[in-house]
Amino acid sequence: MGLLDSLRAVLGSRAEADASRGADPEDLFGMSTAYITMGAELGWESTGDAALCFADVDSTDFADTVDEVKAILDAGGEETGTEADFHEDSHGYNWVVLHDDTDPEDLVTSVHFAADTLVERDYGSRLLAALFAFENVDGDGTEPEHAYWVYSFRRGAYYPFVPNGTSERDSGVEFKLESQFGTELGIEPDKEYWYPYWPEREGRHPWE
């Protein structure tokens, strides 16, 4: 998947010291209105995908917690049609990958359920980020295909991530999104913490 070494630091003592506040899944609901603004005003439509990234714990209780998250999402998916997939990437990070073509708000709700369950079971410190994916439907072909809003649980804030290929990012689009959503979302003010989640292949999502 290509997480940078800097992301690994999020799990270490530096992140513990620098974290602005604890994980708060309620912040995720800010994305419900952001979806509307992204599409109507900026031409970035939801791809129907979102994902939750978290670090593993080698314990039976943690495995039971993940099973509980799966059960919650499976039950919710029967009503909403939201599909959930669980997998571990090559770096050992766990992903809950969600897909819903019809209602982006169901993605927000599902990510919230998953994150909130981990927090309630005292594994909030293992949460890394939630990613919400968008595609450029009004562009002229010069801008990247995908953009992401990333919610950092370590920092308690959102930031935009716009990969241009597999190792570069489009800072111009990111700054445009930052200025547009400065009052709508809680944006991470320190760009040092805008950690990249590189896709393994161009045009793919970071979790693929």
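Let me start with Val 137, which sits in the loop between β4 (127–136) and β5 (146–152), where strands are DSSP runs of E of at least two residues and helices are runs of H or I of at least four, both numbered from the N terminus. I should say at once that this is a predicted model, in which local features need pLDDT of at least 70 and side-chain atom pairs count only at pLDDT 80 or more, while totals for chains, interfaces and linings use all residues. Residues are numbered from 1 along each chain as its sequence is written, and side-chain values use heavy atoms, with hydrogens and water left out.

Val 137 counts as partly exposed because its relative accessibility is 43%, given that buried means under 20% relative accessible area, exposed means over 50%, and partly exposed lies in between, with a 1.4 Å probe and protein chains only. Not counting residues up to four places away in sequence, Val 137 touches Gly 43 and Glu 45, contact being heavy atoms within 4.5 Å. Val 137 and Glu 45 are 92 residues apart in sequence, and yet their C-alpha atoms are 6.6 Å apart in space.

Let me turn to the helices. The axes of α3 (residues 31–42) and α6 (residues 171–180) come within 12 Å and cross at roughly 115°; axes here are lines fitted to C-alpha atoms, for helices over the stretch in contact, and angles run from 0 to 180 degrees between N-to-C directions. On the α3 side the contact is made by Thr 37, Met 38, Glu 41 and Leu 42, and on the α6 side by Lys 176, Leu 177 and Gln 180.

Which residues does Thr 37 contact, leaving aside its neighbours within four places in sequence? They are Leu 42, Gln 180, Phe 181 and Glu 184. Thr 37, which lies in helix α3, is buried, because its relative accessible area is 10%.

Finally, the pocket. The largest pocket, meaning an open set of points on a 1 Å grid over the protein atoms alone, where a 1.4 Å probe fits, with protein on both sides within 12 Å along at least five of seven lines, has a volume of about 150 Å³, that volume being the space filled by probe spheres set on the points, which are joined across faces, edges and corners. Its lining residues, those with an atom within 4 Å of a point, include Phe 54, Asp 56, His 87 and Trp 95. The largest share of that lining, five residues, comes from α4.
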